[in-house]
Every structure is written in C-alpha cells, then in structure tokens.
Amino acid sequence: MDLVKHTGGCHCGAVRFEVWNSPDLHVFHCNCSICTKKQNHHFIVPKNRFTLLQGLENLTTYTFNTHVAKHTFCKTCGVQSFYTPRSNPDGYGIAPHCLDPGTVHSVTVENFCGEKWEESMQVHETIRDMSKPEEN
C-alpha cells in the first residue's frame, strides 16, 4: 500500500497531528451510543503511523463503560480529531473531516454496528488488523 502523509487537527488549531495512510480512506461509521451523539466517522491506523505535532497539554480524555476507548478531544474547541478506539486500542481512529485538504483521493464508508459491539467484532474479519504495523 502506498502511504501519504496527511496532516490535520482540531478546529481552533491547538491540536495538530500527522498520520501516514493510504490516500484512499476506509472509514467506519459506528452507531454505538457515543459515536451516534458525536456523529463519529474514523479510519484506523497503527500507533507508529501517527504523530502528535502539538497540543498535548490541550487534550482531555473521556472514557466510559469498559474504559478501553479513549475519547480524546481539544479542551478549547471540543473537537475530537483522533482517539483510541475500543476495537483497536493499539492504534488510533482518525476523523477524516479533521484532515487538511489535498491528500485524500477517495473515501469508502463502512457501517459498523456498535450497538451490538461484541457480536460485530466477532464477525468483522479485518478491523483488528487495521492497527497492526505492516511487516517489511
């Protein structure tokens, strides 16, 4: 897979990051309780392909239920540009709408039934591997 460097951040600009991923994004639309409220859409990357460039001191985290997912957002503007998803605690979920323009070629959206999270994770064949670093 050819990777490109995407940059992005929150609305006020306090939080900035870069992430290496395909220009063709595979985005999940989840219907769990928090994703529904936030209208969360995200693509998943391994931790080693994500770098926080600025704003660590401006981040705060919300967690609930199993406390595996870390819903990280900017304390100033409230935007969640990335977070640690329950499905992939070894990676990041990146909000495609928080990327700077110019590096995304296409977006494919896949629905994920977070209302039945455990069942959905059992039948999904590839989601857990999306946060695994690729071997050379």
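This passage describes the largest pocket, three of the salt bridges and a nonpolar surface patch in a predicted model. Residues are numbered from 1 along each chain as its sequence is written, and side-chain values rest on heavy atoms, with hydrogens and water left out. Local features were considered at pLDDT of at least 70 and side-chain atom pairs at pLDDT 80 or more, whereas totals for chains, interfaces and linings use all residues.

The largest pocket (an open set of points on a 1 Å grid over the protein atoms alone, where a 1.4 Å probe fits, with protein on both sides within 12 Å along at least five of seven lines) has a volume of about 320 Å³, taken as the space filled by probe spheres set on the points. Its lining, made up of residues with an atom within 4 Å of a point, comprises 22 residues, of which Cys32, Ile34, Ala69, Arg86 and Trp117 are the closest to the centre. Strand E3 (24-30) and helix H1 (33-38) each contribute at least two lining residues, and the largest share, three residues, comes from H1; helices (H or I, at least four residues) and strands (E, at least two) are DSSP runs numbered from the N terminus. By residue class, the lining divides into 13 nonpolar, eight polar and one charged.

The structure holds four salt bridges, each defined by a side-chain nitrogen of Lys or Arg within 4 Å of a carboxyl oxygen of Asp or Glu. Arg86, already named in the pocket lining, pairs with Glu118 at 2.8 Å, N to O; because Arg86 lies in the loop between strand E8 (82-83) and E9 and Glu118 in helix H2 (residues 117-123), the pair ties together parts that are 32 residues apart in sequence. Arg86 is partly exposed at 23% relative accessibility, as is Glu118 at 47%, where buried means under 20% relative accessible area, exposed over 50%, and partly exposed in between (1.4 Å probe, protein chains only).

Strand E2 takes part in two further pairs. Glu18 and Lys5 meet at 3.8 Å, N to O, and since Glu18 lies in strand E2 (residues 16-21) and Lys5 in strand E1 (residues 4-9), parts 13 residues apart in sequence are tied together. Glu18 is buried, at 17%, whereas Lys5 is partly exposed, at 40%. Asp100 forms a salt bridge with Arg16, with the closest N and O atoms 2.6 Å apart.

On the surface, Val104, Val107 and Val109 form a nonpolar patch (side chains joined within 5 Å, residues with over 30% relative accessible area and no salt bridge), with about 220 Å² of accessible area together.

Conventions:
Ala, Val, Leu, Ile, Met, Phe, Trp, Tyr, Cys and Pro count as nonpolar, Asp, Glu, Lys and Arg as charged, and the others, Gly among them, as polar. Patches are made of residues with over 30% relative accessible area and no salt bridge: like charges are joined within 9 Å, nonpolar side chains (Val, Leu, Ile, Met, Phe, Trp, Tyr) within 5 Å. Accessible areas come from the Shrake-Rupley method with a 1.4 Å probe; for residues, only the protein chains shown count as cover.
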